[in-house]
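Visitor: I would like to learn how to read a model of this kind feature by feature. Could you take me through the general ideas and then the case at hand?

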Amino acid sequence: MTAFSAQLPATVPVTVGDRCCFGGTDLVVIGGPCSVESAAMVLDTALSVAASGARMLRGGAFKPRTSPHTFQGMGDPALDLLAQAGERAGLPVVTEVTDPRHVDRVAGVADMLQVGARNMQNYALLAEVGRSGKPVLLKRGLAATLKEFLLAAEHIRVAGNDAVVLCERGIRTFETASRFTLDVTAVPVLKAESHLPVIVDPSHAGGRAPLVAPLARAAIAAGADGLIVEVHPEPATAQSDAEQSLTFAAFAELMVQVERVALAVGRTIGAAPLAVGASV
């Protein structure tokens, strides 16, 4: 990594779908459940986050969990449910791919592929998503340096895919008050070292719903190009990441707060219109 410079390189925007662009003046907020649990649940969430101004829908089909005894996602059927919900809500979708053998199937459904923190240095997977032709959301590993993070992105790029968005999601430190420690410094440093857009995941960093909004505000103030936030109709019943998931009302309030910070730093948040006939 080179010495930090006050003159940041221009971010090269990454476009997803026909109206979602990371790295421009307009911030991108991605909202949705940690895991797709049912058709009704993901559709209700998609319509609600779209009404609040989210630009993309997230939802996990394949979930790499620390414990093999916890919910691992619905798998392949969840991909179709996620795509249907995104279409109804008028939102492009992003979902995690965990295995190189799944890339073609996931790329056939999702508008953007996510490589999670635990797979940041899964080089076979990075190469495969690089060959997929779909934009990639790459999360920082929980113990990865920024140099290692950027080199992981290079594995995707040398495979032929420059449409990479970096995601800071907190790193493991000695602190136990939050699930991880959000490295806000990573946002300006990554922007100084790379032309790639940078977003932040305040849900995984905080690990508790009350921490999500403050961390989101800090991320936007630091220059992040967007956020990815976990939202659930009934967080207490969520099969994964219940404590950090926001209710629909909490997400709507978050969007109001984030918009205020965005305007203060010269950014905007454009609401994604609901699909025709959709309602919440």
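Guide: Let us begin with a single side chain and its exposure. Relative accessible area sorts residues into buried (under 20%), exposed (over 50%) and partly exposed in between, with a 1.4 Å probe and protein chains only. Gln84, with a relative accessible area of 47%, is therefore partly exposed. Gln84 sits in helix H2, residues 76-89, and its C-alpha atom is 8.7 Å from that of Ala39, although the two are 45 residues apart along the chain.

Visitor: On what basis are such values given, and how is confidence to be read?

Guide: This is a predicted model, in which local features need pLDDT of at least 70 and side-chain atom pairs count only at pLDDT 80 or more, while totals for chains, interfaces and linings use all residues. Residues are numbered from 1 along each chain as its sequence is written, and side-chain values use heavy atoms, with hydrogens and water left out. The pLDDT is the predictor's confidence in each residue, from 0 to 100. Here the chain averages 90, and 89% of the residues score at least 70. Over residues 3-7, however, the pLDDT is below 50, and this stretch has five contacts (heavy atoms within 4.5 Å) beyond near neighbours in sequence. Residues 272-280 also stay under 50, and for them the model has 22 contacts beyond four places in sequence.

Visitor: How many helices and strands does the chain have?

Guide: Helices (H or I, at least four residues) and strands (E, at least two) are DSSP runs, numbered from the N terminus. By that reading the chain has nine helices and 11 strands. Of its 280 residues, 55% count as buried, and among contacts between residues at least 6 apart in sequence, 70% join residues at least 24 apart.

Visitor: Which residues have the most contacts inside the largest nonpolar core?

Guide: In soluble globular proteins, nonpolar side chains tend to be buried together. A nonpolar core is a set of buried Ala, Val, Leu, Ile, Met, Phe, Trp, Tyr and Cys residues joined through side-chain atoms within 4.5 Å. The largest one here has 71 residues, and those with the most contacts inside it are Val129, Leu138, Leu166, Leu227 and Phe251. Helix H1 (residues 39-52) gives this core its largest share, seven residues. A second, separate core of 14 residues includes Cys20, Phe22, Leu137 and Ile199.

Visitor: Where does Val129 lie, and what is it in contact with?

Guide: Val129 belongs to helix H4, residues 123-130, and is buried, because its relative accessible area is 0%. Leaving aside neighbours within four places in sequence, its contacts are Val97, Val103, Leu113, Val115, Lys134, Val136, Ile156 and Asn161.

Visitor: How should a helix be checked for length and for what covers it?

Guide: The expected span of a helix is 1.5 Å times one less than its number of residues. For the 14 residues of H1 this gives 20 Å, and the end C-alpha atoms are 20 Å apart, which agrees. Its buried residues are Met41, Val42, Leu43, Thr45, Ala46, Leu47, Ser48, Val49 and Ala50, and what covers them includes strand S3 (26-32), strand S4 (56-58), H2 and helix H9 (248-264). Helix H6 (residues 186-193) has six of its eight residues buried, so it is largely enclosed by the rest of the structure. The cover over the buried residues of H6 includes helix H5 (146-158), strand S8 (164-168) and strand S9 (198-200).

Visitor: Why is Cys20 not bonded to Cys21?

Guide: A disulfide is a pair of cysteine sulfur atoms within 2.5 Å. The closest cysteine sulfur to that of Cys20 is in Cys21, 7.6 Å away, and so too far for a bond. A search of the whole structure finds zero disulfides. Cys20 counts as buried, at 2% relative accessibility.

Visitor: And what does the backbone angle phi tell us?

Guide: Most residues other than glycine have a negative phi. Asp241, a residue other than glycine, has a positive phi, near 55 degrees. Asp241 is placed in the loop between strand S10 (226-230) and H9, and is buried, with a relative accessible area of 14%. Just after H1, Gly53 takes a positive phi of about 115 degrees.
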